[in-house]
Amino acid sequence: MKPLNVLSVTSELFPIIKTGGLADVAGALPFALKKEGVRVVSLLPGYPAVMRALEHVEVVREYPDLSRGPARLISATARQLELFVLDAPHLYARPGSPYLTPEGRDWPDNARRFAALGRVAADIGQGAVPGFVPDIVHAHDWQAGLAPAFLHYGDGPRPGTVITIHNIAFQGIFPADLLYELGLPPYAFTVDGVEYFGQIGFLKAGLRLADRITTVSPTYAKEIQTPESGMGLDGLLRSRSKDVFGILNGIDDSVWNPSSDLSLAATFTVDSLERRSANKQALQERLGLDPDPDALLFGVVSRLFEQKGFDLVLAALPTLLADGAQLALLGAGDTTLEESFRAAAIVYPGQVGCFFGYDEELAHLIQGGSDALLVPSRFEPCGLTQLCAMHYGSVPIVSRVGGLADTVIDANEMAIASGVATGFQFSPVNLTGLLDSINRAKALWPDRKSWRTMQLNGMAADVGWSRPARHYAEVYRSCLPTI
Ligand code: ADP
Ligand code: GLC
């Protein structure tokens, strides 16, 4: 098969810049796609963390004026990834998160910042860098949503275009009067273009104008085509349903591998599961939990926002912690939620241990040391933490939504009897549902043989990138330009 060149346009890329799972996916796909004959070069904004990570830097194009300032397009490598970086200090040389001011508000010029990314992606797509002419431009999330639009409205031949929705809750909606400044033609402002309820929708533009649409699980692909979960875009998605594909995420075995993970107190495999107890002990010590090897230890690794449902866990705490069970929480986000968990750690000393912030090592230790991982999301496009949990022998307790529904096999009576269960699912997503699944987990915990079977099932599940990468390659090949 003909080798393909793909330009992946993303605002995050693990291990260089990450706020969530988008980074993990964008960082893993290039390696997985190599085996499918696909060469991926990723285009990233030149955030400070990105600029610091670069090696083999070469300036391949200069922009005297891009979104109100000079910019350079750099070709480089970082951590064995091939990159283009948009070095535009007036847009990206800022402290903190890629999207928010240090006070936690959206940067007021986010429209300009990410229109520039889309504009440059389209230039590369149209051959601006002769050494790398993509067959496909693959845009991730709203930040890259204008790339397919600029290509659509551009002159001359263009590559095929794919957009992936990692989370339809974030859409990049901006005032209509920015149209000219963002470099979009007046005729783009229609319902079949970038217009979205009288404004400019970056994600909407990508969904309307890309050749193919993917999202990160089959169930989420269906959910977003319903008014309940489509967040205003369901009609558009239904009208394009033959071009919409749900491709499950994987996890990167070179990052998430319990047999070689340096963040663990003890590495382990399916044949040495008992070594996990050293991780449990290290985790209890790290978060100030009682050193009890028999306590059922629930873990959490998450952004703490409405989507993730941790207000339900707070409400469930008395039941969760009954019988001496414990909670180890790593999270960051909503300050009210953080405060409530901080207070819970005082009310339940030795039973609730929290760390607020971002900590890659602790995330690994929680996966390798907890007995169960809580993921009570109200919606979840795919979710990666339940995959990591399964891979690390922690039993996921998840709501039955999106990718959580697709990746966890519920421990109902039949699944237990036939020995295929990998976790616990609950539905609907409310306190009663969560409590029910917690109680089911607690009831099974003393039956260590069944628990161990679930751990081993989870560890045996295929959570790698090979299958998804094959699917992405098929999608790319289905929309190659015909000339
Ligand atoms: P989302 O992208 O919606 O946040 P995912 O489950 O897809 O959810 O991905 C979350 C990723 O971020 C996982 O790799 C998880 O380990 C990581 N993560 C989340 N919160 C933290 C944290 N506080 N510290 C370290 N890693 C975190
Ligand atoms: C988003 C979603 C999450 C998904 C991740 C990577 O952040 O919230 O469910 O796993 O993107 O696709």
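**Notebook: two ligand sites and two threonines**

I began with ligand 2 and noted that helix 1 supplies the largest share of the shell around it, three residues; helices here are DSSP runs of H or I with at least four residues, strands are runs of E with at least two, and both are numbered from the N terminus. I am working from a predicted model, in which local features need pLDDT of at least 70 and side-chain atom pairs count only at pLDDT 80 or more, while totals for chains, interfaces and linings use all residues. Residues are numbered from 1 along each chain as its sequence is written, chains are lettered from A and ligands numbered from 1 in the order in which they are written, and side-chain values use heavy atoms, with hydrogens and water left out.

**Ligand 2**

I listed 14 residues around ligand 2, of which His-166, Asn-249, Glu-380, Cys-382 and Gly-383 come nearest; a residue is near a molecule or strand if one of its heavy atoms lies within 4 Å of it. I then looked up polar contacts (pairs of N or O atoms within 3.5 Å; within protein, one must be able to donate a hydrogen and the other to accept it, and residues adjacent in sequence count only if both atoms are side-chain atoms). His-166 places a polar side-chain atom 2.6 Å from an oxygen atom of ligand 2, a polar backbone atom of Gly-383 is 2.8 Å from an oxygen atom of the ligand, and for an N or O atom in the side chain of Gln-307 the distance to a ligand oxygen is 3.4 Å. I noted that the protein covers 93% of the 310 Å² of accessible area that ligand 2 has on its own, with areas from the Shrake-Rupley method and a 1.4 Å probe, only the protein chains shown counting as cover for residues.

**Ligand 1**

I turned next to ligand 1, which has 18 residues around it, with Gly-21, Arg-303, Lys-308, Gly-357 and Leu-384 nearest. Polar side-chain atoms of Arg-303 and Lys-308 lie 2.6 Å and 2.8 Å from an oxygen atom of ligand 1, and a polar backbone atom of Gly-21 is 2.6 Å from a ligand oxygen. The protein covers 92% of the 560 Å² of accessible area that ligand 1 has on its own. Helix 1 (21-34), strand 13 (297-304) and strand 14 (326-333) each give two or more residues to this shell, and strand 13 gives the largest share, three residues.

**Domains**

I checked the domain assignment, automatic or from a database, and it gives domain 1 (4-250 + 466-478) and domain 2 (270-460). Their C-alpha centres lie 33 Å apart, and the contact (heavy atoms within 4.5 Å) takes 18 residues from domain 1 and 16 residues from domain 2. The shell around ligand 1 draws at least three residues from each domain, and the shell around ligand 2 also draws at least three from each.

**Two threonines**

I found Thr-101 in the loop between helix 3 (89-92) and helix 4 (110-125), where it touches Asp-106 and Trp-107, not counting residues up to four places away in sequence. Thr-101 counts as buried because its relative accessibility is 14%, buried being under 20%, exposed over 50% and partly exposed in between (1.4 Å probe, protein chains only). Thr-453 sits in helix 17 (residues 448-460) and counts as partly exposed at 32%; from Gly-393 it is 60 residues away in sequence and 9.9 Å away in space, C-alpha to C-alpha.
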